[in-house]
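Colleague: I've got a model open and I'd like to understand the words people use for it. Can you walk me through the reasoning?

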Amino acid sequence: MDVFFGHRRFLPSTHRWRSNLDFDGRTDRKRPPRRFSSVDIMDQLRRVKTTILGKHPNYGGVKRKRGDDELNWRKKSIFYELPYWAEIDLKHNLDVMHIEKNICDSLLGTLMGDPHKSKDTDNARRDLQNLGIRSELHLYEDGNKLMKPAAEYTFSEANRRKFSNLWKNVAQNDSRIVGLKSHDCHVIMQRLLPVGCRSLVNKTISSTIIELCTFFNQLCARTVNVTDMVRAQDQLVIILCKLERIFPPAFFDIMIHLVLHLPEEAILGGPVYMRWMYPFERYLKRLKDYVRNAAKPEGSISEGYVIDEALTFCSRYFDDIETRFNRPDRNDDGIHRTRRLFIYAMNRVHAPEVTHELLSLASKSNIFVSSYPACIVNGVRFVTHARDVRLKTQNSGVSVPGTENEIFYGQLQEILEFSYLNDLSVVLFKCKWFRCDSRRMVIENNITSINISSESYKDDQFILASQAQQVFYVEDASRGPNWRVVQHVNHRSIWDIIEDGMSDIDLLQDNSSSNFTLFVDLGNLPQINLQRNDGDVIPIVQPFTAVSQHVNETVSFLNDDDEENVSEEDDETVEESADEETDEGNDVVDTEEDDDDHSYHTSDSD
């Protein structure tokens, strides 16, 4: 398993963390990997020989060894035959969907202590002992057993149950959460994980995880600000370095490293939602549903596709039959044919003549008022709190922006419809508003927590239905039973359009990367004890043996400079530190390290 550990090389050359020994027991003076121009890449590809990939019989049934002059190229892509391909800045697209899912699996598996997905394995602890760092997490002998101390970045048994209670209908088996799809991991990374980990792990660890989740919130916004991505590029280096200080080297696989390249790809390729794999995966699911004969899947897909296209074409000419083109939306506002229902928004009247709407309002409403337990406004479903408590879903949270950029939060209590002349009506929401002063509303790490025990504005509870914005409330275990975390939502098919003359921007989408402030603490590197203070240890079934030589010889990267990254003084420092560790009698392997290497190569045999 290749471990991409050593992101300090992307820090400025004078950064104080480069001299810190808490990361891997040595200083880091390597420069960032250099970039190759299109001319350099084409020159390298000319040296690549035309070979047969895989375990071909001509090579004795094994993979062919790469020659020294071939660098890391195995073959020349057919895309390079296009005349413009060599000059394209973004030749390949990193899929954010799978990167986010794999990072979520690694974080959840390590935090929950999942024996199948955790990166905190026995060999990962041996890596720490080989490197001579974090002695509190080293394996130790207790009689005939080999014991593994519980790490601070893992949940205790009680905290695992608390964290699992954040969501429902997910199969749980002690330390495992199974049945998660890619979109489930997307929601967990951006919604649940920042809220759940705050009170369950050390504050330094939780804040670092929240910073990583905030970056994914920025990256997945519909509107991506170039300035935000440039700033995130620098802050991601700090986040990855802080993760290296917390988690073992085995945690840093290729997926963790690829996060460093996502801001630049967002700048070159645009918003992520136009490039990730969600729509393609959904369409592949649709094609798989066409299969009726498992022995002939291709024919079934072709036949189903043709039938679907034919029905779609014919349905355009059917007016008296319900089709996909005239079928009402799932969250349709439900406008009645016999009576016009308006959600009336009061605007300033510029014309001097009296309109029908103004005349209807001036004539007062009917004395009978209709009350509803639920309604749909602009495609968004709202449900009263009395009905919401009996459901597994939540649709009673509302928010309203104030005149001075403040936001009021509350719960929907009643939905009232007032009828007027000319078959017009106005829908009002009666809400319970929470007191949101400085003591009852806390904003920390882009997480807004409010106290719902105190009510405010009892004499001003009504708002127009068109003014309400839907929010969700999640229990905040870090502050108490009366505290809730506010989750703002962005509905998939709703877009905010700027009126003419208000701005030079043609379209303002309803969430932006600037809505999420990515602030990374650049203070001194915290000195934390990574052993849990509850005294919990994990016995290892295998008998005690000497710590194996788990760190193997390193291999340099293609884009590393050959001789310029490390000075002679740094080489002497590394050699002296290795000699000192050997003289102390520790079982440290003095690896023959390439000065330009970026990673350790370890073998995970668990």
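Modeller: Sure, and keep in mind that this is a predicted model. Let's begin with helix length: the expected span of a helix is 1.5 Å times one less than its number of residues.

Colleague: How do you know that the span of helix 6 agrees with that?

Modeller: Helix 6 has 17 residues, so it should span 24 Å, and its end C-alpha atoms are indeed 24 Å apart. At its start, a side-chain oxygen of N202 comes to within 2.7 Å of the backbone nitrogen of T204.

Colleague: What makes helix 6 largely enclosed by the rest of the structure?

Modeller: Buried means under 20% relative accessible area. In helix 6, 16 of the 17 residues are buried, so the rest of the structure largely encloses this helix.

Colleague: Why is helix 6 called roughly parallel to helix 9?

Modeller: Their axes come within 11 Å and cross at roughly 10°. Angles under 35 degrees count as roughly parallel, so helix 6 gets that label relative to helix 9.

Colleague: Which residues meet where helix 6 and helix 9 come together?

Modeller: F215, F216 and L219 from helix 6 meet L262, P263 and A266 from helix 9. Leaving out residues up to four places away in sequence, F216 touches L262 as well as others, including I103 and M189.

Colleague: What place do those phenylalanines have in the largest nonpolar core?

Modeller: That core has 71 residues, and F215 and F216 are among those touching the most other members, along with I103, L193 and L212. Helix 7 supplies the largest share, 10 residues.

Terms used: Residues are numbered from 1 along each chain as its sequence is written. This is a predicted model: local features need pLDDT of at least 70, side-chain atom pairs count only at pLDDT 80 or more; totals for chains, interfaces and linings use all residues. Side-chain values use heavy atoms; hydrogens and water are left out. A nonpolar core is a set of buried Ala, Val, Leu, Ile, Met, Phe, Trp, Tyr and Cys residues joined through side-chain atoms within 4.5 Å. Buried means under 20% relative accessible area, exposed over 50%, partly exposed in between (1.4 Å probe, protein chains only). Helices (H or I, at least four residues) and strands (E, at least two) are DSSP runs, numbered from the N terminus. Contact means heavy atoms within 4.5 Å. A polar contact is a pair of N or O atoms within 3.5 Å; within protein, one must be able to donate a hydrogen and the other to accept it, and residues adjacent in sequence count only if both atoms are side-chain atoms. Axes are lines fitted to C-alpha atoms, for helices over the stretch in contact, and angles run from 0 to 180 degrees between N-to-C directions. Angles under 35 degrees count as roughly parallel, over 145 as roughly antiparallel, 65 to 115 as roughly perpendicular and the rest as oblique.
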